[in-house]
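Got the viewer open and the selection box ready? Let's walk through this one stop by stop.

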Amino acid sequence: MLKAKLARYRAQLLEPTSKSGSSGTGFDVQKAGDARVALIGFPSVGKSTLLSKCTNTVSEAAAYEFTTLTAIPGVVEYQGARIQLLDLPGIVEGASQGRGRGRQVVATAKTADLILVMLDATKSEEQRRLLEIELDAVGIRLNKRKPDVVFKRRTTGGLTTTVKLTKTNEKTIRTILASYKLHNCDVMIREDITTDEFIDVLIGTRKYIPCLYVYNKIDAISLEMVDKLARSENTVVISCEMSLNLDYLVERVWESLGLVKVYTKKRGERPDLSDPVCLRKGATIEDVCLGIHKSLATNFRYALGRSSKFSPHAQKVSLNHQVQDEDVVSIFTK
Ligand SMILES: Nc1nc2c(ncn2[C@@H]2O[C@H](COP(=O)(O)OP(=O)(O)OP(=O)(O)O)[C@@H](O)[C@H]2O)c(=O)[nH]1
Ligand SMILES: [K+]
Ligand SMILES: [Mg+2]
């Protein structure tokens, strides 16, 4: 019950209080391109150096802490896709609780499609855990998917569990529901969740964001250490200064975003490889149409799709056909 209370108070605390209605907590940078990637890390880990190396934007880098004072967007081009990379001020322990810039940084992280937790490979492992705590405190869940719990407010209701709960129990769930005054609701638990995960579902504003741990400055540590770090999960090791592994980082960023690039082709012409339509995995031909122009979906007759990975021949496909990465699509309208 204390956990539930604490989570509720924290959620209230982080809620925008301004009457203007805008959350006003993040930095005011327009989203641009096909996805947004945010750089989160302690001061002087090399965030700005990375932005300057991977994009056409220059962000001032220097040996003193808090060189960067605001959000600086750059664009990473990857096989025709445009990814917005956001350089942000460094944060310190307690950023999520404090006022001002630290809070602003973590609030901005919430708007990202992927978070790069940037770490200094020469510093202790502790930095990673500290950053995770700050992101967790504002409701960001890294590399997790939303728990499989269906929750609906109703006039009557009940609790159904389709799996055996081993990390929490029904009594705890009922106590938490009561403490939130949720007496009439339908709850269906379809996964062996923890108490904390259940509270996350109730709070409802959690963000489940993929994350890569990026260890910079590997030029300054031993090869054994580099090898060890490089083998960890969701981890990329780089040296911005010596331009080591930066192309691989961009590849991993693309992969972690879980996007697909679809190339369009006009009849009798070669596919346009410079300007793909980028969509979420699982997207359909209809999404491709909408990504180009609304009228394409309404006037849709059929499409010819060619999957570069699975079949060399174009096939006639309908609106609900799922597209794969690097598919080539021609759309025919009425
Ligand atoms: N040895 C080494 N030093 C690096 C590397 N990348 C960046 N640096 C140095 O680290 C210092 C900090 O770099 P910045 O890019 O300013 O770091 P930041 O994370 O943007 O720092 P803040 O904006 O202050 O939070 C600079 O002196 C860089 O030259 C690297 O790969 N290896
Ligand atoms: K710095
Ligand atoms: Mg900086």
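Start by selecting Lys181, the residue that comes after helix 5 and has a positive phi, near 55°. Helices here are DSSP runs of H or I with at least four residues, strands are runs of E with at least two, and both are numbered from the N terminus.

A word on conventions before moving on. Residues count from 1 along each chain as its sequence is written, while chains are lettered from A and ligands numbered from 1 in the order in which they are written. This is a predicted model, where local features need pLDDT of at least 70, side-chain atom pairs count only at pLDDT 80 or more, and totals for chains, interfaces and linings use all residues.

**Helix 5**

Now step back to helix 5 itself, residues 170-179, and pick out its buried residues, Ile173, Ile176 and Leu177. Buried means that 20 or more other C-beta atoms lie within 10 Å of the residue's own, exposed means 12 or fewer, and partly exposed is in between, with C-beta atoms placed from the backbone. Look down the axis of helix 5: the buried residues fall within an arc of 100°, so they line one face of the helix. That arc is taken from the directions from the helix axis to the C-beta atoms. On the other side, Lys171 and Ala178 are exposed.

**Strands 6, 7 and 8**

Next, select strand 8 (residues 185-189), which runs antiparallel to strand 6 (residues 149-153) and is joined to it by five bridges. Strands count as paired if DSSP finds at least two bridges between them. To see one of these, highlight Val150 with its bridge partner Met188 in strand 8. Strand 8 also pairs with strand 7 (residues 158-161), in the parallel sense and over four bridges; there, Gly158 has Asp186 as its partner.

**Strand 1**

Move to strand 1 (residues 35-41), where seven of the seven residues are buried. Ala35, Val37, Leu39 and Gly41 point one way, Arg36, Ala38 and Ile40 the other. In a regular strand the side chains alternate between the two faces of the sheet. Add strand 3 (residues 81-87), a parallel partner of strand 1 over four bridges, with Ala35 bridged to Ile83. Then add strand 4 (residues 114-120), parallel to strand 1 over five bridges, with Ala38 opposite Ile115.

**Ligand 1**

Which residues come nearest to ligand 1? Of the 24 around the ligand (C-beta atom, placed from the backbone, within 6 Å), they are Gly46, Ser48, Ala61, Thr68 and Gly90. Helix 2 (residues 47-54) gives the largest share of this shell, three residues.

**Helix 9 and Val323**

Select helix 9 (residues 285-292) and colour its buried residues, Ile285, Val288 and Cys289. Seen down the axis of helix 9, these fall within an arc of 100°, so they line one face of the helix. Among the elements covering them are strand 12 (259-264) and strand 16 (327-333).

Then find Val323, in the loop between strand 15 and strand 16. Why does Val323 count as buried? Because Val323 has 25 C-beta neighbours inside 10 Å. Its contacts (C-beta atoms, placed from the backbone, within 7 Å) include Ile285 and Val288, not counting residues up to four places away in sequence.

**Confidence**

Finally, colour by pLDDT, the predictor's confidence in each residue from 0 to 100. The protein chain averages 90, and 95% of the residues score at least 70. Residues 18-24 stay under 50.

Notes
Contact = placed C-beta atoms within 7 Å.
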